[in-house]
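Work through the following exercises with the sequence and the coordinates open. Each task is followed by a solution in steps.

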Amino acid sequence: MNKVNVYGSFTQALFFSGVVSIPKYLLTHYTKIGISDHEMMVIIQILCESESNPYPSIATLAGRMNASSSNIEEDLGGLVERKLLTIERYWNPVELKWGNSYSFVGLIDELAELWAIERSQQLEEERVLKQNQVSPNITPLPNPTNPAMENLVQTFEQELGRLLTRLECENLDRWLSSHFTEELIIEALRRGVSAGIRNFRYLDSILREWEKKGLRTRAEIEAEDANFQSRQEKKTTKPKNKGSKTTSNKYENFYL
């Protein structure tokens with residue numbers, strides 16, 4: 001077989017081997033939602049297998065990436081912990097049995113929120129530019145000063161590493177108007193950052209849970225955390241055959 005025929009055969013085999021569709025927005029923004037290069041490659045390999053095998057084994061992923069199984073487990077654990085990846089059960093009608101599959105609903109939610117933030121910032125910039133073009137000589141009146149609001153905006157922007165959108169500022173104002181103290185809002189932010197989840201829905205769920213329990217100060221929250229930890233430690237002393245399970249973050253179920 002001559003060189004031309006070899007190349008032609010390879011090209012045909014290459015295109016008929018199938019393609020993997022990866023959204024460009026994911027490829028250009030995955031680092032902004034805290035995904036490492038290695039984790040991104042794990043995601044790509046899972047997507048590559050999704051049609052034929054919705055739950056590829058760790059050994060399969062490790063072999064594809066020339067990585068150790070422990071590294072793959074660490075990457076998957078990090079993605080699951082940050083709720084970018086979940087493991088779901090599904091019914092296989094061909095094999096007539098239940099199986100596992102990976103779901104990227106959490107990842108899509110994070111990308112959607114990031115896109116909404118960027119779009120909001122873009123629209124705000126266009127609005128300001130248009131306003132300046134229409135009335136360049138008019139100086140806008142300053143907004144009434146609110147020390148708590150100003151401090152929150154500064155703290156959030158420092159932690160998130162970007163400017164807040166108008167919608168996010170409205171969320172902060174709504175929390176203050178709902179009688180959440182500046183101390184509690186910053187504490188919710190701190191916990192969200194520690195969990196690797198920085199969206200406002202997660203922070204709102206934390207604040208609403210504290211409100212439901214009547215917790216109004218950081219000291220009360222820390223006391224509740226201590227009680228929660230004590231209850232969890234007591235559970236671990238029970239026989240293992242009862243299937244008790246502990247969780248490292250009691251706010252995990254509040255992320256939507």
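**Exercise 1. Contact range and fold**

Task: State what percentage of contacts between residues at least 6 apart in sequence join residues at least 24 apart, and give the pattern of elements along the chain.

Solution: The model is predicted. Of the contacts in the protein chain between residues at least 6 apart in sequence, 58% join residues at least 24 apart. Next, list the elements: the protein chain has eleven helices and two strands. Read along the sequence, they give α-α-α-α-α-β-β-α-α-α-α-α-α. Finally, consider burial: 32% of the 256 residues in the protein chain are buried.

**Exercise 2. Confidence**

Task: Decide which element has the lowest mean pLDDT and which the highest, then examine the stretches below 50.

Solution: Start with the whole protein chain, where the mean pLDDT is 82 and 82% of residues reach 70 or more. By element, helix H1 (residues 3-16) has the lowest mean, 65, while helix H5 (residues 69-81) has the highest, 94. Over residues 138-144 the pLDDT is below 50, and this stretch has zero contacts in the model beyond near neighbours in sequence. Residues 242-247 also stay under 50, but the model has seven contacts beyond four places in sequence for residues 242-247. Where pLDDT is low, the predicted coordinates should not be read in detail.

**Exercise 3. The nonpolar cores**

Task: Find which elements give two or more residues to the largest nonpolar core, and which residues Phe156 contacts.

Solution: The largest nonpolar core has 24 residues. Those with the most contacts inside this core are Phe156, Leu172, Trp175, Ile185, Leu207 and Trp210. Two or more residues come from each of helix H7 (147-160), helix H8 (166-177), helix H9 (182-194) and helix H10 (200-212). H10 supplies the largest share, six residues. Now take Phe156: leaving aside neighbours within four places in sequence, Phe156 is in contact with Gly161, Leu164, Leu172, Trp175, Ile185, Leu189, Phe200 and Leu203. A second core, separate from the one above, has 22 residues, including Ile43, Ile46, Ile72 and Leu114. As a general point, nonpolar side chains in soluble globular proteins tend to be buried together.

**Exercise 4. Two loop residues**

Task: Place Thr181 and Arg216 in the chain, and classify each as buried, partly exposed or exposed.

Solution: Thr181 is in the loop between H8 and H9. Its relative accessible area is 33%, so Thr181 is partly exposed. Arg216 lies in the loop between H10 and helix H11 (218-236). Because its relative accessibility is 62%, and the cut-off for exposed is over 50%, Arg216 counts as exposed. Then check for contacts: not counting residues up to four places away in sequence, Arg216 touches Thr181 and Leu184. The C-alpha atoms of Arg216 and Leu184 are separated by 7.5 Å, with their positions 32 residues apart along the chain taken as the sequence separation. For Thr181 and Thr217, the C-alpha to C-alpha distance is 8.1 Å at 36 residues apart in sequence.

**Exercise 5. Internal space**

Task: Determine how many cavities of 30 Å³ or more there are, and which residues line the largest cavity.

Solution: The count is one cavity of 30 Å³ or more. The largest cavity has a volume of about 30 Å³. Its lining consists of Ile33, Arg82, Leu84, Glu110, Gly196 and Ile197. Sorted by type, these lining residues are three nonpolar, one polar and two charged.

Note on methods: Residues are numbered from 1 along each chain as its sequence is written. This is a predicted model: local features need pLDDT of at least 70, side-chain atom pairs count only at pLDDT 80 or more; totals for chains, interfaces and linings use all residues. Side-chain values use heavy atoms; hydrogens and water are left out. A nonpolar core is a set of buried Ala, Val, Leu, Ile, Met, Phe, Trp, Tyr and Cys residues joined through side-chain atoms within 4.5 Å. Buried means under 20% relative accessible area, exposed over 50%, partly exposed in between (1.4 Å probe, protein chains only). Helices (H or I, at least four residues) and strands (E, at least two) are DSSP runs, numbered from the N terminus. Contact means heavy atoms within 4.5 Å. On a 1 Å grid over the protein atoms alone, a cavity is a set of points where a 1.4 Å probe fits but cannot get out, and a pocket is an open set with protein on both sides within 12 Å along at least five of seven lines; lining residues have an atom within 4 Å of a point. Grid points are joined across faces, edges and corners, and a volume is the space filled by probe spheres set on the points. Ala, Val, Leu, Ile, Met, Phe, Trp, Tyr, Cys and Pro count as nonpolar, Asp, Glu, Lys and Arg as charged, and the others, Gly among them, as polar. pLDDT is the predictor's confidence in each residue, from 0 to 100.
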